[in-house]
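Got the model open in your viewer? Grab the selection tool and follow along, one stop at a time.

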Amino acid sequence: MDLSELLGLLSSKGLDYVLSQLPNLLSSKAVSREDAELILLYSMTDNIKLLREDIKVLREDVKALNSRINEMHRDLASKLDFIINQLQVLNSNISATYELTSKVMAKLMELSTRYPPT
């Protein structure tokens with residue numbers, strides 16, 4: 001079987017069929033080693049093309065995931081800024097309350113020394 005017959009078989013029956021028949025064809029010496037190598041190289045290029053398409057799809061998925069992560073990061077940063085601002089306000093309120101409580105306690109102590117309980 002020469003290369004043109006092998007290619008005809010490849011186009012009519014498909015790559016999977018030819019690859020399944022290749023060991024028998026090689027052992028019966030119906031196909032030369034060089035022709036078998038060409039068919040195997042052809043099958044490898046076909047697989048590489050499929051792999052390339054899968055990589056393209058994966059690249060798009062990674063881009064979409066990266067975009068989503070960036071969006072989540074911006075959202076988280078915004079929420080953290082809000083929480084920080086609220087904590088600063090709370091801290092100011094606690095400080096003001098503590099200051100006022102200290103003044104009230106000082107005044108009460110002053111009054112208790114002026115007017116001892118009877």
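What follows is a walk through a predicted model, with something to select at each stop.

**Stop 1: the two short helices**

Start by selecting residues 3-13, which is helix H1, and residues 15-27, which is helix H2. Two packed helices are described by the angle between their axes and the distance between the axes. Here the angle is about 140 degrees, and the axes of H1 and H2 are 7 Å apart. Angles over 145 would count as roughly antiparallel, and H1 and H2 are therefore oblique to each other.

Now show side chains where these helices meet. On the H1 side, pick Leu 6, Leu 9, Leu 10 and Lys 13; on the H2 side, pick Leu 15, Tyr 17, Val 18 and Leu 25. What kinds of residue make up the contact of H1 with H2? It comes out as seven nonpolar, no polar and one charged.

**Stop 2: the long helix**

Next, color residues 33-114, helix H3. H3 runs for 82 residues and spans 116 Å from its first C-alpha to its last, close to the 122 Å expected at 1.5 Å a residue. To get a feel for the distances along it, draw a line between the C-alpha atoms of Glu 34 and Leu 58: they are 24 residues apart in sequence and 35 Å apart in space. While you're there, look at Glu 34 itself, in H3; this residue is exposed, with a relative accessible area of 52%.

Which residues of H3 are buried? Select Asp 35, Ala 36, Ile 39 and Ser 43. Turn H1 and H2 back on, and you'll see that both are part of what covers these buried residues.

**Stop 3: the nonpolar core**

Keep the three helices visible and select Leu 6, Leu 9, Leu 10, Leu 15, Val 18, Leu 22, Leu 25, Val 31, Ala 36 and Ile 39. These 10 residues form the largest nonpolar core. In soluble globular proteins, nonpolar side chains tend to be buried together. H1, H2 and H3 each put at least two residues into this core, and H2 gives the most, with four.

Zoom in on Leu 6. Beyond its neighbours within four places in sequence, Leu 6 is in contact with Met 1, Val 18, Leu 25, Val 31, Asp 35 and Ile 39.

**Stop 4: Leu 22 and Leu 19 on H2**

Slide over to Leu 22, which sits in H2. Buried or exposed? Leu 22 is buried, at 4% relative accessibility. Leaving out residues within four places in sequence, its contacts are Ala 36, Ile 39 and Leu 40. Leu 22 and Leu 40 are 18 residues apart in sequence, and their C-alpha atoms are 9.3 Å apart.

Then select Leu 19, also a residue of H2. Leu 19 is partly exposed, with a relative accessible area of 28%. Its contacts, again leaving aside neighbours within four places, are Ile 39, Leu 40 and Ser 43. For another distance, try Leu 19 to Ala 36: 17 residues apart along the chain, with 9.1 Å between C-alpha atoms.

**Stop 5: Ser 43**

Follow that last contact across to Ser 43 in H3. With a relative accessible area of 7%, Ser 43 is buried. Which residues does Ser 43 touch, not counting those up to four places away in sequence? Leu 15 and Leu 19.

**Stop 6: the loop at Lys 29**

Finish in the loop between H2 and H3, where you'll find Lys 29. Check the backbone here. Most residues other than glycine have a negative phi. Lys 29 has a positive phi of about 60 degrees, although it is not a glycine. Switch to a surface view and Lys 29 shows up as exposed, with a relative accessible area of 72%.

How values were computed: Residues are numbered from 1 along each chain as its sequence is written. This is a predicted model: local features need pLDDT of at least 70, side-chain atom pairs count only at pLDDT 80 or more; totals for chains, interfaces and linings use all residues. Side-chain values use heavy atoms; hydrogens and water are left out. Axes are lines fitted to C-alpha atoms, for helices over the stretch in contact, and angles run from 0 to 180 degrees between N-to-C directions. Angles under 35 degrees count as roughly parallel, over 145 as roughly antiparallel, 65 to 115 as roughly perpendicular and the rest as oblique. Contact means heavy atoms within 4.5 Å. Ala, Val, Leu, Ile, Met, Phe, Trp, Tyr, Cys and Pro count as nonpolar, Asp, Glu, Lys and Arg as charged, and the others, Gly among them, as polar. A nonpolar core is a set of buried Ala, Val, Leu, Ile, Met, Phe, Trp, Tyr and Cys residues joined through side-chain atoms within 4.5 Å. Buried means under 20% relative accessible area, exposed over 50%, partly exposed in between (1.4 Å probe, protein chains only). The expected span of a helix is 1.5 Å times one less than its number of residues.
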